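Please walk through this structure step by step, beginning with how its strands are defined and ending with a few residues in its loops.

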Amino acid sequence: MLSAQHRFGVRAGINYSRFSGELEINESYSFASGFHFGFNYTYQFTPVIGLRAELLYLQKGTKRDFEDDNAFNVVIPISTPRFVEEGKVDFFINYSHTYFSIPITAMIQVTPKLELFGGVSVDMMFGPAGAGTMYFESIDRPDQIRYEIQYDHNYKKDQAGGLPNALFSNPQFTSLIINGEAEDIVRIRGAYFDNTAAELQQLGKKFNFWNSSVILGFNVFVNRGFYIGLRGELGLTDVTNDRMDFSLKELDGENNLIPRADRDITQNLSLSFGFRF
């Protein structure tokens, strides 16, 4: 029989998360939903004070929007050199990242029905992904250069200049008229389609593997075992790789990307249903 000092449990529920950090004009982050489930162990020093460790699988992410009437776009035709065009950009992407998370929290049983807790977590991002669209319309040539592309991103597995894994054998194209000639561009693109192999080797992947957060929350017990919990998490570390963080709006005088190195942290709110033994 287990000692009263040792308690085990399970919990699962939903997450609402977003990135928070420095933004460009007309750029925004909003909340995205996900889920979590996992196991926990609590060592109780007294009947009301304890220390809890958990192992969780969870999804966190954000929705990112950018809309501007005078931004740059790098047009990448199949058979001619890439070039820069200015125009209207309407960009949206939904980041959905999966983690193994190890939260460590101290808890206090305020009443038989209410438990408060706080602590930190260490998160390992093993499934960073994104999906979205970008619409572009040239200022100078709106009748010729106007198109929509789709993003299907796996930030861990995608290769430089590559397509989504499912489209390697069947790429999809959109046709434009450039300088009076018909040109094709790739319509569905992987995470590092715009990068060369040398750039990707130098800069690294877009998102950082290690993340950490501070945690604060409470559990309300329906009976001795079953509870409903709410917790908030605020990121302590930058989710994005600074070397892959560039302006969406402007290029420098030589048409090179402008690094921003913004500090993007995760805000997360979780609703859980759990049981302790």
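Strands here are DSSP runs of E with at least two residues, numbered from the N terminus, and the model they are read from is a predicted one. With that numbering in hand, the loop that holds Asn255 can be placed between β13, residues 246-251, and β14, residues 257-259.

A good place to begin is strand β1, which covers residues 6-20 and is joined to β3 by 12 bridges, the two strands running antiparallel. Within this pairing, Tyr16 stands opposite Ser33 of β3. Strand β1 also pairs with β15 in the antiparallel sense, over 12 bridges, and there Ser17 has Asn268 of β15 as its bridge partner.

Strand β3 itself spans residues 32-44 and contains His36. Because its relative accessibility is 3%, which is under the 20% cut-off, His36 counts as buried. The side chain of His36 is joined to that of Arg11 by a polar contact of 3.1 Å, and, leaving aside neighbours within four places in sequence, the residues in contact with His36 include Arg11, Gly13, Tyr57, Leu58 and Ser270.

The loops bring a further feature, one of backbone angles. Most residues other than glycine have a negative phi. Asn255, however, has a positive phi, near 60°, and Ala261 likewise has a positive value, near 55°. Ala261 lies in the loop between β14 and β15, the latter being residues 265-276. Is Ala261 buried, exposed or partly exposed? With a relative accessible area of 39%, which falls between the 20% and 50% cut-offs, Ala261 is partly exposed.

Note on methods. Residues numbered from 1 in each chain as written. Predicted model: local features only at pLDDT ≥ 70, side-chain atom pairs only at ≥ 80, totals over all residues. Heavy atoms only, no water. Helix = DSSP H or I, 4+ residues; strand = E, 2+ residues; numbered from the N terminus. Buried < 20%, exposed > 50% of the residue type's maximum accessible area, 1.4 Å probe, protein only. Polar contact = N/O pair within 3.5 Å; in protein donor to acceptor, adjacent residues only side chain to side chain. Contact = heavy atoms within 4.5 Å. Pairing = 2+ DSSP bridges.
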